[in-house]
2 protein chains.
Amino acid sequence: MAPTSDRRRRVTITDVARHAGVSKSAVSKVLRNAYGVSPAMRERVSAAMAELDYRPHAAARGMRGRTYTIGVLLDNIRNAFFADILDGVNTELRDGDYQVLIGAAGFAEEDQTKLARALVDRQMDGLILIGPGFPRAEVLRTAATVPTVVIGHHDVAEEHDSVVDADALGAGLVVDHLVGLGHRRIALTSTAGNRGSGWTGTPERVQRRGYHEAMRRHGLGDLARVAMTAFSEEGGYRAGMELLASAERPTAVFAGADVAAMGVFRAARELGLRIPEDFSLVGYNNTAVAALAPVRLTSVDQAGGLMGATAARLLLERVEGRTRSVLMTVSPTLVHRDTTGPPPPEPAGPPGG
Amino acid sequence: MAPTSDRRRRVTITDVARHAGVSKSAVSKVLRNAYGVSPAMRERVSAAMAELDYRPHAAARGMRGRTYTIGVLLDNIRNAFFADILDGVNTELRDGDYQVLIGAAGFAEEDQTKLARALVDRQMDGLILIGPGFPRAEVLRTAATVPTVVIGHHDVAEEHDSVVDADALGAGLVVDHLVGLGHRRIALTSTAGNRGSGWTGTPERVQRRGYHEAMRRHGLGDLARVAMTAFSEEGGYRAGMELLASAERPTAVFAGADVAAMGVFRAARELGLRIPEDFSLVGYNNTAVAALAPVRLTSVDQAGGLMGATAARLLLERVEGRTRSVLMTVSPTLVHRDTTGPPPPEPAGPPGG
DNA sequence: TTCAATTCGGAGACCGTTCCACGTTTCTCG
DNA sequence: CGAGAAACGTGGAACGGTCTCCGAATTGAA
């Protein structure tokens, strides 16, 4: 009648050992397929494990060995780009014994720090940090404790591996595309990114740099214009209002993230502007929404799956003992859909020129 | 020089005990704020913990007590509705000591089973299963081992608590809304849902039941029509093509999930049909995409956040010892946006009538 | 045949916590 | 004032694995 008395006791390694008539050391060896087990022994033990439906207790294993668990830290699962990354991670790890557990910390620095520590405390064998927004120093400290791969930030360090998108190049692709269509007043939506401290190579910053370089390259350096708001629907809306309602309205808006582009859509709707007739719109990340029929957003694909798979592979190598750090860069490509076209004709040519 | 020699040893409870000059039992008591500690002792120990920057090792705790970790199992994080649920779970659990870890298993029955077991093996204190797609028997077995809350399925059991949306009612809201606009030929997009075995109350099934009831209630039982495809963009597309290209084209399509509605959008586009001029479209779940400016999909809101928060609360109660099972039902509401309107005029009135 | 090398299996310490049992103080109250 | 109860602190046995020896048995070489 006691509340938990009916919770059956787990089958332990000792049960298996007894059932097979061997020592638990032997069972442990079979489990980890370690050296020093005869085929016959392996056979007996395996049979016993199957018969008792034995599953090793991860926490107990973790006390001396591995937990066979990889932790992924991200801010918000709503970001569809992360889903692509996770798919990559999962495919890479599916066949191994490793399990992937995700922690969604939100954007607050303290919450992310707390989660990172929680993952370490739970004995993760390795950590994948996607665009971490907590102080770099804390990340380095973590990475010194647990094998770690950082996705997104361009800052490299001995302590961890890095997987990044060539964001400067990606921004260049967008500007090239728009200039090719005849645009000159091309504005960018970016974010100050309250990304903890110590990060100098956040994706958004590198993207911004790439944008400015590309504009200069085309001789449009003076027309460059950036609206800084959050990478969110609301942020995109505010940026859109700011840019599109201004006197010198840009003919093209490059939203630094697809979500932000959605907000620009709303701003355009409110201002009675059509896309791409009145202005062109480009996103970034080629999120699933971008491809949806009612959206059809031109965007930049970052091969999230590849990034995730790479991160997973690098992480396993680290777990296995590699110590020198590695930087992997993947190349973005532009996906042309329906939100970009030639700029509208100048309403009334300004005198001169 | 050894690869891992520089990974600093963790501060353990013994270190804290030594540093504070007390026994580790005492430290443990302070940690769990258990009974039998004097304020002075609490003070000393807390100071020592702070000084050494001590963090308890969750895996070790799990061996005898709790791990303070809640596991959430879901199929795919791409489903934005899950994000709402998770937000609810997180807000509810944020202030406690509990951490939420998410496992994304994919749709395959074996993968989900494997993940569920992995979560149990990792000593989760409690489990939240969101629309589990593995056999009910396995879920019940799991629930007998670990406190569990199932979200979505209407099948109740002594072993676990349940949080569901009143899906039949939700479907009724949609039909009422459409009939109110003048529609009669209202089709439903649903899914066979290869949801493991043993589940008789999957959300989609209950929704279907509600749809049929509502149609009958309005005297439209004979006009009811259901296209069975997957709840995905592609599935929605196929259902859309099937329904919209048929002779007796429905004037309204009720997509059983917002994702599917996106596919219907694509089908409509391909067939040259305008929404809502040529036919009305309603989704379900009121996912974030539904609200996006380029979409503006009429949908049914399920209060995912509330569901998540409720699930978390129920789970904690179970962890604390409650044994009788509980069913919580939340009520859906219709969110009217731009994809529904009056039906188009009959092209050429059929003779008679 | 002898002795070293190799292979196999087992004993038992250890990982970092919880928690039970028990001893010592300090209250409470007749 | 004394006895019983409550409060407080400690030692040490778990928990379920891993992993480092160690010894016995087998094999190979001389």
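A residue is taken to be near a DNA strand if one of its heavy atoms lies within 4 Å of the strand. By this criterion, in the predicted model described here, 29 residues surround DNA strand C, and those that come nearest are Ser38(A), Ile13(B), Ser28(B), Arg32(B) and Arg64(B). The surface near DNA strand C draws on both protein chains: helix H2 (24-31) and helix H4 (58-64) of chain A, together with helix H2 (24-31) and helix H4 (58-64) of chain B, each supply at least two residues. By class, the residues of this surface comprise twelve nonpolar, nine polar and eight charged.

On the side of the nucleic acid, sugar or phosphate accounts for 60% of the atoms of DNA strand C within 4 Å of the protein, and bases account for the rest. Individual atom pairs illustrate both kinds of approach. A phosphate oxygen of DNA strand C lies 2.7 Å from a backbone N or O atom of Ser38(A), and a phosphate oxygen of the strand lies 2.6 Å from a polar side-chain atom of Ser28(B). For Ser25(A), a polar side-chain atom is placed 3.0 Å from a base nitrogen of DNA strand C.

The two protein chains also meet each other. Chain B contributes 59 residues to the contact and chain A contributes 59 residues. About 5,000 Å² of area is buried between chain B and chain A, with carbon and sulfur atoms giving 55% of this area. Twelve salt bridges are counted between the chains; one of them joins Arg269(A) to Asp338(B), with the closest N and O atoms 2.7 Å apart. The count of residue pairs in polar contact between chain B and chain A, both at pLDDT 80 or more, is 25.

Several elements of chain B give two or more residues to the side that touches chain A, namely H4, helix H5 (80-93), strand E2 (99-104), helix H6 (109-121), helix H7 (136-145) and helix H11 (258-271). The largest share of this side, eight residues, is provided by H6(B). The side of chain B that touches chain A has 31 nonpolar, eleven polar and 17 charged residues.

A further site was examined in chain B. Arg217(B) belongs to helix H9 (residues 203-217) and counts as exposed because its relative accessibility is 54%. Beyond its neighbours within four places in sequence, Arg217(B) is in contact with Gly172(B) and Asp176(B). Gly172(B) is 45 residues away along the chain, and the C-alpha atoms of Arg217(B) and Gly172(B) are 9.5 Å apart. With Asp176(B), the side chain of Arg217(B) makes a side-chain polar contact at 3.3 Å.

Notes:
Residues numbered from 1 in each chain as written. Chains lettered and ligands numbered in written order. Predicted model: local features only at pLDDT ≥ 70, side-chain atom pairs only at ≥ 80, totals over all residues. Heavy atoms only, no water. Polar contact = N/O pair within 3.5 Å; in protein donor to acceptor, adjacent residues only side chain to side chain. Helix = DSSP H or I, 4+ residues; strand = E, 2+ residues; numbered from the N terminus. Nonpolar A, V, L, I, M, F, W, Y, C, P; charged D, E, K, R; others polar. Contact = heavy atoms within 4.5 Å. Buried area = accessible area lost by both parts, 1.4 Å probe. Salt bridge = Lys/Arg side-chain N within 4 Å of Asp/Glu carboxyl O. Buried < 20%, exposed > 50% of the residue type's maximum accessible area, 1.4 Å probe, protein only.
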